[in-house]
Amino acid sequence: MNVSVALGFLIPFLGTLLGAAIVFFFRRNISDRVQKALLGFASGVMVAASFWSLLLPALDLTVKNNEFMEMVPVLVGFLTGMGFLFLLDTFIPHEHINGEQSEGPASSLKRSSKLMLAVTLHNIPEGMAVGVVFAGMYTGEASMTLAAAFALAIGMAVQNIPEGAIISMPLRAEGYKRGKTFLYGALSGVVEPIAAMVTLLFLEYTVPAMPFLLAASAGAMLYVVVEELIPASQQGEHSNLGTIGFAMGFALMMVLDVVLG
């Protein structure tokens, strides 16, 4: 693994660190307005990344004659990604971003533990997405450039900034010390480079299954957006800020992908 790939794997984690570090600059919690804008922004980045950086390249790899059977690997991958996150969301106990409890077993887990589980669920498909794209770039078999791979990594990092803040700030509001809340937020992002590394380690199997894996990563990411981020950004008052944040995040990721891709 060369330096470029290692850096690409670490960029999303740096975004989480920056977001978690916000806890050192606020007394207790971020306002409801800011939180909704951040959730919307993260949603926009993930939706744009799912399409331009994952689904579109997957379709480009498979669809040559506009025939239905050519897109079956992408279709199956997309639904598999959605289904996988649905199963995790159903059976692993965690706290949703909007504060609701999951209906899985072991509901006696502490709130902080459930928050960590929730963020881990979110970050696994993001790490896999980065790993798959860099694997395609690394082998040169998926028509992916280094710039396009970095565009996705930067987009994930930008999306992770509000996510890191959304995890650390509520813990601070509950009375946890700043250092501990920063650590929780930082640890929530560790799974991303690990997931990316595992994807690259299985490179022999990753490349032939590239269309499926790209689509599965997109499906998993979109599940997170639809199930968690958008509902939380639209609850109660100031939902328009979540919508504006979505537009800004989508536009930013679209520009990154087009300019760097």
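Leu75 has a relative accessible area of 36% and is therefore partly exposed. The model in which this leucine is seen is a predicted one. Leu75 sits in helix α3, which covers residues 72-91. On the surface, Leu75 joins Phe68, Met69, Met71 and Leu79 in a nonpolar patch. Together these residues offer about 500 Å² of accessible area.

From this patch the view can widen to the whole chain. The chain holds ten helices and zero strands. Read along the sequence, its pattern is therefore a run of helices, α-α-α-α-α-α-α-α-α-α. The chain has 261 residues, and 51% of them are buried. Its accessible surface amounts to about 11,700 Å², and carbon and sulfur atoms account for 69% of that area. Among contacts with a separation of 6 or more, 81% are made by residues 24 or more positions apart.

What lies inside? The largest nonpolar core has 47 residues, and Leu54, Phe134 and Leu152 are the ones that touch the most other members. Several helices each supply at least two residues of this core: α1 (3-20), α2 (32-62), α3, α4 (111-139), α5 (146-173), α7 (191-201), α9 (210-234) and α10 (239-260). Helix α9 gives the most, with twelve residues.

Phe134 shows what such a core residue has around it. Leaving aside residues up to four places away in sequence, Phe134 touches Ser4, Val5, Gly8 and Phe9. On the same terms, Phe134 also touches Leu146, Ala149, Phe150 and Ala153.

A buried residue can also be found in helix α6, which spans residues 178-187 and contains Thr181. Why does Thr181 count as buried? Its relative accessibility is 0%, and buried means under 20%. The contacts of Thr181, again without residues up to four places away in sequence, are Val23, Ser168, Leu171, Arg172 and Tyr176.

Aromatic rings are the next topic. A search of the whole structure finds six aromatic pairs. One of them is formed by Phe51 and Trp52, whose ring centres are 5.1 Å apart and whose planes stand at 85°, so the pair is edge-to-face. The angle decides this, because planes over 60 degrees apart count as edge-to-face. Phe51 is partly exposed, at 38% relative accessibility. Trp52 is partly exposed as well, with a relative accessible area of 22%.

Trp52 also pairs with Phe250. Their ring centres are 5.5 Å apart and their planes are at 65°, so this pair is edge-to-face too. The pair links distant parts of the chain, since Trp52 belongs to helix α2 and Phe250 to helix α10, 198 residues apart. Phe250 has 23% relative accessibility and counts as partly exposed. Which residues do ring pairs link into a cluster? The members are Phe51, Trp52, Phe246 and Phe250.

Other places also bring together residues that are far apart along the chain. Leu39, like Trp52, is placed in helix α2. Leu39 counts as buried because its relative accessibility is 1%. From Leu39 to Glu163 there are 124 residues in sequence, but the distance in space is 7.6 Å, C-alpha to C-alpha.

Two further examples start from helices α9 and α3. Glu227 is located in helix α9, the helix that gives the most residues to the largest nonpolar core. Is Glu227 buried or partly exposed? Its relative accessibility is 35%, so Glu227 counts as partly exposed. The C-alpha atoms of Glu227 and Phe86 are separated by 9.2 Å, although the two residues are 141 residues apart along the chain.

Asp89 lies in helix α3, the helix that also holds Leu75. With 11% relative accessibility, Asp89 counts as buried, whereas Leu75 is partly exposed. Between the C-alpha atoms of Asp89 and Tyr223 the separation is 9.8 Å, and along the chain these two are 134 residues apart.

Methods
Residues numbered from 1 in each chain as written. Predicted model: local features only at pLDDT ≥ 70, side-chain atom pairs only at ≥ 80, totals over all residues. Heavy atoms only, no water. Helix = DSSP H or I, 4+ residues; strand = E, 2+ residues; numbered from the N terminus. Buried < 20%, exposed > 50% of the residue type's maximum accessible area, 1.4 Å probe, protein only. Contact = heavy atoms within 4.5 Å. Areas by Shrake-Rupley, 256 points an atom, 1.4 Å probe, with all protein chains shown as cover. Patch = residues over 30% accessible without salt bridge, like charges linked within 9 Å, V, L, I, M, F, W, Y side chains within 5 Å. Salt bridge = Lys/Arg side-chain N within 4 Å of Asp/Glu carboxyl O. Core = buried A, V, L, I, M, F, W, Y, C linked by side-chain atoms within 4.5 Å. Phe/Tyr/Trp six-rings, centres within 6.5 Å; stacked < 30°, edge-to-face > 60°.
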